[in-house]
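Here is a short briefing on the structure below. It takes up sulfur pairing, nonpolar packing and one helix in turn.

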Amino acid sequence: MWKFLKQRQILGLKFRRQFSAGAYILDFYCPSLKLCIELDGPIHDTLAVAEHDRIRTQYLTFELGIHVIRFRNEDVERNPEGVVEEIIRVI
C-alpha cells in the first residue's frame, strides 16, 4: 500500500505510515484530511480483535476526529488499483 501512498501520489496528499495517534499506531495517516487507512489480516476476523478494532475506531473517530477506512490485506494484494480508487472516492 505504501507504494501507492508515498510521495503524494494520491491527489497530491501527504500520507505517513506508522503514525502515532493517542495510544494507537495507525498504518497510514493523512494529516490534512485526518484520514486513517488500516490494513487488516486474518487475525482481525477473531471476535476479540474485531472488538478491539471497534473500540479503537470509536476512539479515533469521536475523540480525535480521525476518519478510519479499512481494507483487507488480500484486497490490497489482489486489487491495489481498486483500493486506491476507493480511497479517492472516500476523499
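A disulfide is a pair of cysteine sulfur atoms within 2.5 Å. By that cut-off, the structure holds zero disulfides. The model is predicted.

**Cysteines**

- The cysteine sulfur closest to that of cysteine 30 belongs to cysteine 36, 11 Å away, which is too far for a bond.
- Seen from cysteine 36, the closest cysteine sulfur is that of cysteine 30, again at 11 Å and too far for a bond.
- Cysteine 30 has a relative accessible area of 0% and is buried.
- Cysteine 36 is buried too, at 0% relative accessibility.

**Nonpolar cores**

- The largest nonpolar core has 16 residues. Met1, Leu5, Phe15, Ile37, Leu39, Phe71 and Ile87 touch the most other members.
- At least two residues of this core come from each of β2 (24-30), β3 (35-40), β4 (67-72) and α4.
- A second core of eight residues is separate, and Ala21, Tyr29, Leu60 and Ile66 are among its members.
- What does isoleucine 87 touch, leaving out residues up to four places away in sequence? Its contacts are Met1, Leu5, Ile10, Ile37, Ile69 and Phe71.

**Helix α4: two faces**

- Pro80, Val83, Val84 and Ile87 are the buried residues to note in α4. They sit on the same side of the helix because they cover an arc of only 100 degrees around the axis.
- An α-helix has 3.6 residues a turn, so residues three or four places apart point the same way.
- The cover over the buried residues of α4 includes α1 (2-5), β3, β4 and α3 (73-78).
- Which exposed residues does α4 carry on the face turned away from its buried side? Glu85 and Arg89 are found there.

**Isoleucine 88**

- Isoleucine 88 belongs to helix α4, which spans residues 80-90.
- Is isoleucine 88 buried or exposed? Neither label fits: isoleucine 88 is partly exposed, because its relative accessible area is 37% and the partly exposed class lies between under 20% for buried and over 50% for exposed.
- Isoleucine 88 touches Ile10 and Leu11, with residues up to four places away in sequence not counted.
- Leucine 11 is 77 residues from isoleucine 88 in sequence, yet their C-alpha atoms are 7.9 Å apart in space.

Technical notes
Residues numbered from 1 in each chain as written. Predicted model: local features only at pLDDT ≥ 70, side-chain atom pairs only at ≥ 80, totals over all residues. Heavy atoms only, no water. Helix = DSSP H or I, 4+ residues; strand = E, 2+ residues; numbered from the N terminus. Buried < 20%, exposed > 50% of the residue type's maximum accessible area, 1.4 Å probe, protein only. Contact = heavy atoms within 4.5 Å. Core = buried A, V, L, I, M, F, W, Y, C linked by side-chain atoms within 4.5 Å. Arc of directions from axis to C-beta.
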